[in-house]
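Hi,

Here is the structure I promised to pass on. Have a look at it first, and then read on for what turned up.

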Amino acid sequence: MLLEVAAVERLTPLVTRFRFEHPQKKALPIFSGGAHVVVEMPDGDLLRRNSYSLISDPNDPSGYEIAVRREDVGRGGSRYMHTRVAVGDRMRVSVPANLFALDIRARKHVLIAGGIGITPFLAQLHQIDFLQQPFELRYAARTREEAAGLALLPKSGRIHVHISSEGNRMDLGEILTGQPLGTHVYVCGPTGLIAAVTDAAARHGWPKSVIHSEAFTSPPPGMPFAVMLAKSGRRIEVGAHQSLLEALEAANVELDWSCRGGACGRCETGVISCKGQIEHNDHWLSRDERAGQKKIMPCMSRFTGDELVLDL
């Protein structure tokens, strides 16, 4: 969809809120809490596509809102949003997709966020309020200045803020103990937080089926490499700050995708030959699949070695 930037608001020195609306004020497709959109950024010769969680009310079709943390040492997408996007600009935004939805069968929702990982929960709180379901939210940040979600969270006794610099750290054991049977836990943020919650839940006997997570990751930079496409015989060069998926798209090679963060599995691609090592950075392939080096997730993974031939 070609949408117009209706508002740009700095929440903290590092985090900015962007609102998109239809140029003719038409209703946008509604979504569910935890959904994300992909925003296109034409940056010179590169067409960047970054995924961002929607933070606005899922039942409000008048616009979509995202919150973007600036990462100056990243690949350039967040810097583009912070420095080059202004009110009135028109940008292509995908239809929402959801890989981190609430399980509405849950007796209670326990939401655990770290840093910018608060973003998917902001829309989920709207949905929980609409459904009138029990919940508690635990929001951790190193400092209040980094806790961008504080400006967007509703006032509620069920929302608990943990600021490390103030000595108020989360106690996962206390959070996970005494919850009613049928509670589901959702965690979003740094990989260390997700691992800590997952490990603590396992130690306290929680079934894996009620633990849901979403990591905020982007394709890591690395050394340039090349791949061969078996069906066309083409050689594709991948730059140091370019993902394999972006390189394929730049060469007009069509590949299915959704999250662009290694979580949905849509861009999974077969490997015909691998003389070297695939650097798997996704959250989709199993340990055995990674070791077998017969599959790759082009949105996140890189390669070092002599030859990588893809089933494309």
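Let me start with a small puzzle: which residue in β4 is the bridge partner of V37? Keep in mind while you look that this is a predicted model. The partner is Y52. That pairing belongs to a longer contact, since strand β3 (residues 35-43) and β4 run antiparallel to each other over eight bridges. Together with β7 they make an open sheet of three strands, ordered β4-β3-β7 and antiparallel in its pairing. β4 (46-53) and β7 (97-98) are the edge strands, each with pairing on one side only.

Next, the parallel part. Strand β11 (residues 183-189) is mostly covered, with seven of its seven residues buried. In a regular strand, side chains alternate between the two faces of the sheet. Here both faces are covered: T183, V185, V187 and G189 are buried on one side, and H184, Y186 and C188 are buried on the other. β11 pairs with strand β8 (residues 108-114) in the parallel sense over six bridges, and L111 sits opposite Y186 there. β11 also pairs with strand β12 (residues 211-215), again parallel, over five bridges, with G189 opposite A215. Helix α4 (residues 191-203) joins β11 and β12 in a right-handed β-α-β unit.

Y186 comes up again in the aromatics, where it forms one cluster with F100 and F121. The rings of F100 and F121 have centres 5.7 Å apart and planes at 55°, so this pair counts as tilted. It links distant parts of the chain: F100 is in the loop between β7 and β8, F121 is in helix α2, and they are 21 residues apart. F100 counts as buried because its relative accessible area is 2%, and F121 does too because its value is 0%.

The count of aromatic pairs comes to four. One of them is F31 with Y64, edge-to-face at 5.8 Å centre to centre and 80° between the planes. Here too distant parts of the chain are linked, with F31 in the loop between β2 (15-21) and β3, Y64 in strand β5 (residues 64-69), and the two positions 33 residues apart. Both F31 and Y64 are buried.

What about charges? I get 25 salt bridges, including these:

- R138 with E136, where the closest N and O atoms are 3.0 Å apart. R138 is buried because its relative accessibility is 16%, and E136 is buried at 9%.
- R142 with E146, at 3.1 Å from N to O. R142 is exposed at 55% relative accessibility, while E146 is partly exposed at 25%.
- R266 with D256, with 2.8 Å between the closest N and O atoms. Both residues are in the loop between α5 (244-250) and β15 (269-279), 10 residues apart. R266 is partly exposed at 43% relative accessibility, and D256 is partly exposed with a relative accessible area of 43%.

There is also a network: E9, R17, R19, E21, K25 and E65 are joined by salt bridges that share partners.

Last, the surface. I104, F130 and L131 form a nonpolar patch there, with about 310 Å² of accessible area together. F130 is located in helix α2 (residues 119-131), and it counts as exposed because its relative accessibility is 59%.

Cheers

Conventions: Residues are numbered from 1 along each chain as its sequence is written. This is a predicted model: local features need pLDDT of at least 70, side-chain atom pairs count only at pLDDT 80 or more; totals for chains, interfaces and linings use all residues. Side-chain values use heavy atoms; hydrogens and water are left out. Buried means under 20% relative accessible area, exposed over 50%, partly exposed in between (1.4 Å probe, protein chains only). Helices (H or I, at least four residues) and strands (E, at least two) are DSSP runs, numbered from the N terminus. Two strands pair if DSSP finds at least two bridges between them. A crossover is right-handed if, with the strands pointing away from the viewer, the path from the first strand over the helix to the second runs clockwise. Patches are made of residues with over 30% relative accessible area and no salt bridge: like charges are joined within 9 Å, nonpolar side chains (Val, Leu, Ile, Met, Phe, Trp, Tyr) within 5 Å. Accessible areas come from the Shrake-Rupley method with a 1.4 Å probe; for residues, only the protein chains shown count as cover. A salt bridge is a side-chain nitrogen of Lys or Arg within 4 Å of a carboxyl oxygen of Asp or Glu. Rings of Phe, Tyr and Trp (its six-membered ring) pair if their centres lie within 6.5 Å; planes under 30 degrees apart count as stacked, over 60 as edge-to-face and the rest as tilted.
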